[in-house]
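Hi everyone, thanks for making time. I'd like to walk you through a structure that's probably new to most of you, so let's put it up on the screen.

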Amino acid sequence: MTLQCILFDLDGTLLDTLPDLALAVNTMLTEEGRQPLAEAVIRRAVSDGAPGMVQLAFGEDQDKEDFARRMARLREVYLDHLTDRTHLFPGMETVLEDIEGRGLKWGIVTNKRRYMTIPLLRELGLLAQTDAVVCGDDTPLGKPNPQPLWLACREAGVEATRCVYIGDAARDIEAGRRAGMITVAVGYGYLAPGDKPEHWGADHLIEQPGDIHSLLEGWLPAARPAGTVSAA
């Protein structure tokens with residue numbers, strides 16, 4: 001197999017978005033006269049998106065109107081603080097440089113909605129670097145269905161069987177496997193209580209972004225010297 005592309009999940013895999021998401025959750029709690037939650041507690045619900053965080057903060061027995069109002073408010077506050085403290089996970093910047101230096105494409109497949117994802121990537125200066133960005137509202141079915149991954153392959157002009165998908169949730173690994181990709185589970189991501197990445201069936205399990213360098217070494221020849229122009 002000739003590797004062509006590395007695809008990443010976004011929250012908890014490529015970017016540490018927890019600080020700004022936690023700010024949005026705790027702003028809502030404070031507005032409603034409730035005590036804020038520790039980031040470590042909110043971290044457990046990030047992979048379940050806005051619904052999971054609202055349920056964590058206010059319980060599962062909310063009426064529909066309160067739930068809808070809180071969902072809207074969470075998104076409103078979050079959009080005002082998209083990149084206050086959000087950043088690439090430590091070591092991920094050099095991983096992206098390594099990927100590009102080897103002439104590979106890279107992209108993002110996330111369940112995060114497009115109206116949040118694109119501004120976030122643009123503000124962090126990452127949007128122009130990517131070869132594909134597929135969001136949660138870009139396909140009829142989201143992960144663990146493979147549709148979003150196949151769409152990313154079409155955008156990047158690559159074959160699914162020549163791609164790697166890296167994610168921090170069981171749904172990511174299931175989607176990658178169903179798409180025919182090599183899968184990598186990350187142990188540093190936003191894991192919920194009871195999550196056991198080693199049981200997700202991924203081809204590889206890593207504990208920090210820097211571990212991706214070793215995987216690349218096993219998949220591909222050494223990186224090109226600095227200044228070498230990669231093939232189109």
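Before I start pointing at things, one term: when I call two strands paired, I mean that DSSP finds at least two bridges between them. And please keep in mind that what you see is a predicted model.

Okay, the overall picture. We have 9 helices and 8 strands here. The radius of gyration comes out at 18 Å, close to the 17 Å that the globule rule gives for 232 residues, so this protein is as compact as a globular protein of that length. If you lay the C-alpha trace along its principal axes, the span is about 55 × 35 × 30 Å. As for burial, 47% of the 232 residues count as buried. The accessible surface is about 10700 Å², and carbon and sulfur atoms account for 50% of that. There are 23 positive and 35 negative charges, and their mean positions sit 4 Å apart. One more overall number: take the contacts between residues at least 6 apart in sequence, and 65% of them join residues at least 24 apart.

Now let's go inside, to strand 6, residues 163-167. Is that strand buried or exposed? Well, 5 of its 5 residues are buried, so strand 6 is largely enclosed by the rest of the structure. Look at the side chains: C163, Y165 and G167 point one way, V164 and I166 point the other way, and all of them are buried.

Which strands does strand 6 pair with? One is strand 1, residues 5-8, which runs parallel to strand 6 and is joined to it by 4 bridges. Another is strand 7, residues 182-186, again parallel and again with 4 bridges. Y165 is a handy marker here. In strand 1, L7 stands opposite Y165, and in strand 7, T183 stands opposite Y165.

Strand 7 is mostly covered too, with 5 of its 5 residues buried. I182, V184 and V186 point one way from strand 7, while T183 and A185 point the other way, and again all are buried.

Let's move to the helices. A quick reminder: an α-helix has 3.6 residues a turn, so residues three or four places apart point the same way. With that in mind, look at helix 7, residues 147-156. Its buried residues are P148, L149, L151, A152, C153 and A156. What covers them? The cover includes strand 1, strand 4, strand 5, strand 6 and helix 8. So our strand 6 turns up again, this time as part of the cover over helix 7.

Both ends of helix 7 have something to look at. In the loop between strand 5 and helix 7 you'll find P144, and the peptide bond joining K143 and P144 is cis, with omega about 20°. At the other end, helix 7 is followed by G157, which has a positive phi near 70°.

Helix 3, residues 49-58, has a similar list: A50, G52, M53, V54, A57 and F58 are its buried residues. They pack against helix 1, helix 2 and helix 4. And just after helix 3 comes G59, with a positive phi of about 90°.

Last stop, two arginines. R73 lies in helix 4, residues 64-80. How exposed is R73? Its relative accessibility is 28%, which counts as partly exposed. Leaving aside residues up to four places away in sequence, R73 touches T27, M28 and E31. From R73 to A57, which you'll remember as a buried residue of helix 3, the separation is 16 residues in sequence and 13 Å in space, C-alpha to C-alpha.

The other one is R113, in the loop between strand 4 and helix 6. At 36% relative accessibility, R113 is also partly exposed. Which residues does R113 touch, once those up to four places away in sequence are left out? They are C135, G136 and D137. R113 and C135 are 22 residues apart along the chain, yet their C-alpha atoms are separated by 5.5 Å.

That's my tour. If you take one thing to look at again, I'd pick strand 6, with 4 bridges to strand 1 and 4 bridges to strand 7. Happy to rotate the view for anyone who wants another look.

Terms used. Residues are numbered from 1 along each chain as its sequence is written. This is a predicted model: local features need pLDDT of at least 70, side-chain atom pairs count only at pLDDT 80 or more; totals for chains, interfaces and linings use all residues. Side-chain values use heavy atoms; hydrogens and water are left out. Helices (H or I, at least four residues) and strands (E, at least two) are DSSP runs, numbered from the N terminus. The radius of gyration is taken over C-alpha atoms; the globule rule is 2.2 Å times the number of residues to the power 0.38. Buried means under 20% relative accessible area, exposed over 50%, partly exposed in between (1.4 Å probe, protein chains only). Contact means heavy atoms within 4.5 Å. Accessible areas come from the Shrake-Rupley method with a 1.4 Å probe; for residues, only the protein chains shown count as cover. Lys and Arg count as positive and Asp and Glu as negative; His and the chain ends are not counted. The place of a charge is taken as NZ of Lys, CZ of Arg, CG of Asp or CD of Glu.
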